Amino acid sequence: MKGLAGVALVMVTAAFLSGCSSDYVMATKDGRMIMTEGKPSIDKETGLVEYTDQTGHMVLINSDEVSTIIER
């Protein structure tokens, strides 16, 4: 019984933590819509936006190309 309760606790915790990260949509000036996993970060020094795409890869894009970042 304790093992089942432990497994249930782990599953609930995992579900809660996965719900904490929000996905975002970035609109570019050329009309593309980019879906991201988590919030994109903007590096003021380099002018680049860093985000994780839907396949889990880290991607950099020039912030001049981004028109809008919206939380889904």
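A polar contact here is a pair of N or O atoms within 3.5 Å, where one must be able to donate a hydrogen and the other to accept it. By that yardstick, the side chains of D53 and T55 make a polar contact, at 2.8 Å. Everything that follows, like that pair, comes from a predicted model.

To set the scene, the protein chain has one helix and five strands. Reading along the sequence gives the pattern α-β-β-β-β-β, with the helix leading and the strands following. The chain has 72 residues, and 22% of them count as buried. Its exposed surface comes to about 5,400 Å², with carbon and sulfur atoms supplying 61% of that area. As for how the chain meets itself, take the contacts with a separation of 6 or more: residues 24 or more positions apart account for 36% of them.

Back to D53, which sits in the loop between strand 3 (48–52) and strand 4 (58–62). This residue is buried, yet it has no salt bridge. A salt bridge calls for a side-chain nitrogen of Lys or Arg within 4 Å of a carboxyl oxygen of Asp or Glu, and the nearest side chain of opposite charge to D53, that of R32, is 10 Å away. Apart from residues up to four places away in sequence, D53 touches M35, E37 and V59. G38 can be placed relative to D53 too: the two are 15 residues apart in sequence, and their C-alpha atoms are 9.0 Å apart in space.

G38 itself belongs to strand 2 (residues 33–43). Its relative accessibility is 17%, so it counts as buried. Setting aside neighbours within four places in sequence, G38 is in contact with S22, D23 and Y24.

One of those partners, D23, is found in strand 1. D23 is partly exposed, with a relative accessible area of 26%. Its contacts, again leaving out residues up to four places away in sequence, take in T36, E37 and G38, and also I70, E71 and R72. With I70, the sequence gap is 47 residues, while the C-alpha atoms are 8.8 Å apart in space.

Which residues make up the largest nonpolar core? There are six: M26, I34, V49, Y51, I61 and V66. Y51 touches several fellow members of this set, M26, I34 and I61 among them. Its other contacts beyond four places in sequence are T36, P40, H57, M58 and V59.

T28 also has contacts with residues of that core. This residue lies in strand 1, and at 6% relative accessibility it counts as buried. Not counting residues up to four places away in sequence, T28 touches I34, I61 and V66, together with E65 and S67.

Charged side chains tell another part of the story. How many salt bridges turn up in a search of the whole structure? The search finds two. In one, the side chains of D30 and R32 meet at 3.4 Å, N to O. D30 counts as exposed, with a relative accessibility of 58%, whereas R32 is partly exposed, at 39%. In the other, the side chains of E65 and R32 meet at 3.9 Å, N to O. E65 lies in the loop between strand 4 and strand 5 (66–71) and R32 in the loop between strand 1 (23–28) and strand 2, so this pair ties together parts that are 33 residues apart in sequence. Since the salt bridges share partners, D30, R32 and E65 are joined into one network.

E65 deserves a little more space. With a relative accessible area of 38%, it is partly exposed. Leaving out residues up to four places away in sequence, E65 touches A27, T28 and K29 as well as R32. A27 and E65 are 38 residues apart along the chain, and their C-alpha atoms are separated by 8.7 Å.

Put side by side, the acidic residues described here sit in varied settings. D53 is buried and has no salt bridge. D23 is partly exposed, and D30 is exposed. E65, in turn, is partly exposed and shares a salt-bridge network with D30 and R32.

Technical notes:
Residues are numbered from 1 along each chain as its sequence is written. This is a predicted model: local features need pLDDT of at least 70, side-chain atom pairs count only at pLDDT 80 or more; totals for chains, interfaces and linings use all residues. Side-chain values use heavy atoms; hydrogens and water are left out. Helices (H or I, at least four residues) and strands (E, at least two) are DSSP runs, numbered from the N terminus. Buried means under 20% relative accessible area, exposed over 50%, partly exposed in between (1.4 Å probe, protein chains only). Lys and Arg count as positive and Asp and Glu as negative; His and the chain ends are not counted. Contact means heavy atoms within 4.5 Å. A nonpolar core is a set of buried Ala, Val, Leu, Ile, Met, Phe, Trp, Tyr and Cys residues joined through side-chain atoms within 4.5 Å. Accessible areas come from the Shrake-Rupley method with a 1.4 Å probe; for residues, only the protein chains shown count as cover.
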